[in-house]
Amino acid sequence: MQEFLELLRNIFPTLVQGTLVTLRIAVVSLLLGVVLGLPTGVARVYGAPWLQRLARGYITLFQGTPLLIQLFLVYYGLPDLGITFDRLTAAFITLGLNSGAYQAEYLRGALQSVGQEQ
């Protein structure tokens, strides 16, 4: 039991630090998702035809590819094009774009479920 408590005392600060980083990534990416998802969802329902197609393309791209592939492309692929991000920024951007695509579809469905008379 003493060994377990010693191990816990040694790893607890690292666990707390990891939890804080995880919460920070989640909050920032969800906020970015709302900022991207709201106008995209509205554009899907009420936008001009070209804007609807653009929004549909964005949503299809980010919903149709695995998140891990998106992370790899942003973190490892973009530096080949001269665009470099640190780990957290790449996570914020990728998870925010992915979250925005899903939130846009949630909002599109919500907007379309309300009748015209309302």
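**Exercise 1. Overall dimensions**

Determine how the radius of gyration of the protein chain stands against that of a compact globule of 118 residues.

*Solution.* Step 1: a compact globule of 118 residues would have a radius of gyration near 13 Å. Step 2: the value for the protein chain, taken from this predicted model, is 19 Å. Step 3: the box that holds the C-alpha atoms may be set beside this value; along the principal axes, the box is roughly 70 × 40 × 20 Å.

**Exercise 2. Secondary structure and contacts**

State which elements the protein chain contains and in what pattern they follow one another.

*Solution.* Step 1: the count of elements gives four helices and zero strands. Step 2: along the sequence, the pattern reads α-α-α-α. Step 3: for contacts in the protein chain with a separation of 6 or more, 69% join residues 24 or more positions apart.

**Exercise 3. Burial, surface and charge**

Find what share of the residues in the protein chain is buried, and describe the exposed surface and the charges.

*Solution.* Step 1: of the 118 residues, 24% are buried. Step 2: the exposed surface amounts to about 8,300 Å², and carbon and sulfur atoms supply 69% of that area. Step 3: the protein chain carries 7 positive and 6 negative charges, and the mean positions of the two groups lie 11 Å apart.

**Exercise 4. The largest nonpolar core**

Identify the residues of the largest nonpolar core and the elements that give two or more residues to it.

*Solution.* Step 1: the core has five residues, namely Tyr58, Ile59, Phe62, Ala101 and Ala104. Step 2: two elements, α2 (49-64) and α4 (87-113), each give two or more residues to this core. Step 3: the element that gives the most is α2, with three residues. Step 4: the contacts of Ala101 can then be listed; leaving aside residues up to four places away in sequence, Ala101 touches Tyr58, Ile59, Phe62 and Gln63.

**Exercise 5. The setting of Ile93**

Is Ile93 buried, partly exposed or exposed, and which residues does Ile93 touch?

*Solution.* Step 1: Ile93 is placed in helix α4. Step 2: a residue is buried under 20% relative accessible area and exposed over 50%; Ile93 has 25% and is therefore partly exposed. Step 3: Ile93 touches Leu32 and Phe85, when residues up to four places away in sequence are not counted. Step 4: as for Glu117, this residue and Ile93 are 24 residues apart in sequence, and their C-alpha atoms are 38 Å apart in space.

Note on methods. Residues are numbered from 1 along each chain as its sequence is written. This is a predicted model: local features need pLDDT of at least 70, side-chain atom pairs count only at pLDDT 80 or more; totals for chains, interfaces and linings use all residues. Side-chain values use heavy atoms; hydrogens and water are left out. The radius of gyration is taken over C-alpha atoms; the globule rule is 2.2 Å times the number of residues to the power 0.38. Buried means under 20% relative accessible area, exposed over 50%, partly exposed in between (1.4 Å probe, protein chains only). Contact means heavy atoms within 4.5 Å. Accessible areas come from the Shrake-Rupley method with a 1.4 Å probe; for residues, only the protein chains shown count as cover. Lys and Arg count as positive and Asp and Glu as negative; His and the chain ends are not counted. The place of a charge is taken as NZ of Lys, CZ of Arg, CG of Asp or CD of Glu. A nonpolar core is a set of buried Ala, Val, Leu, Ile, Met, Phe, Trp, Tyr and Cys residues joined through side-chain atoms within 4.5 Å.
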